[in-house]
Amino acid sequence: MVVNLISGAGTNGSEVQQNVFSITPGKTYVFSFWAKQISSGPSYEQEFRVVFLSGNWEVGSTAWTKFPPGNIGVWEQKTLSGLVAP
């Protein structure tokens, strides 16, 4: 299985993969990544979701989660705890 992070629901999204081998269904995992806020404003949206894949097929995902507010130009670790594998 692959844990996929997709940031940005709009056209400026990106994808980061964290390969986790031997994921056990029902087991709880933590996913984290580093991000730097480069802009802010009413049209700027920062959110992500984690997608569990098996091969090329999605087998589960989290809801879209907004990034907590950050300082512009500063790298910060973002963490999503309590991910239960499908």
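**Strand β4 and an aromatic pair**

Biologist: Glu-47 stands opposite Lys-66 in β6, so to speak my way in; how many bridges join β4 to β6?
Modeller: Quick caveat: this is a predicted model, where local features need pLDDT of at least 70, side-chain atom pairs count only at pLDDT 80 or more, and totals for chains, interfaces and linings use all residues. Residues are numbered from 1 along each chain as its sequence is written, and side-chain values use heavy atoms, leaving out hydrogens and water. Strands here are DSSP runs of E, at least two residues, and they pair if DSSP finds at least two bridges between them. β4 and β6 (residues 65-66) run antiparallel, and the bridges between them number 2.

Biologist: And on the β5 side, which residue in the turn has a positive phi?
Modeller: β4 pairs with β5 (residues 57-61) in the antiparallel sense over 4 bridges, with Val-51 opposite Ser-61. The two strands make a hairpin with 2 residues between them, and the turn residue with a phi of about 65° is Gly-55.

Biologist: How many of the 8 residues in β4 are buried?
Modeller: Buried means under 20% relative accessible area (1.4 Å probe, protein chains only). β4 spans residues 47-54 and is mostly covered, with a buried count of 7.

Biologist: Over to the rings: is the pair of Phe-31 and Phe-33 stacked, edge-to-face or tilted?
Modeller: Rings pair if their centres lie within 6.5 Å; planes under 30 degrees apart are stacked, over 60 edge-to-face, and the rest tilted. These two sit 6.2 Å centre to centre with 40° between the planes, so the pair is tilted.

Biologist: Why does Phe-33 count as buried?
Modeller: Its partner Phe-31 is buried at 3% relative accessibility. Phe-33 also counts as buried because its relative accessibility is 11%.

Conventions
Rings of Phe, Tyr and Trp (its six-membered ring) pair if their centres lie within 6.5 Å; planes under 30 degrees apart count as stacked, over 60 as edge-to-face and the rest as tilted. Buried means under 20% relative accessible area, exposed over 50%, partly exposed in between (1.4 Å probe, protein chains only).
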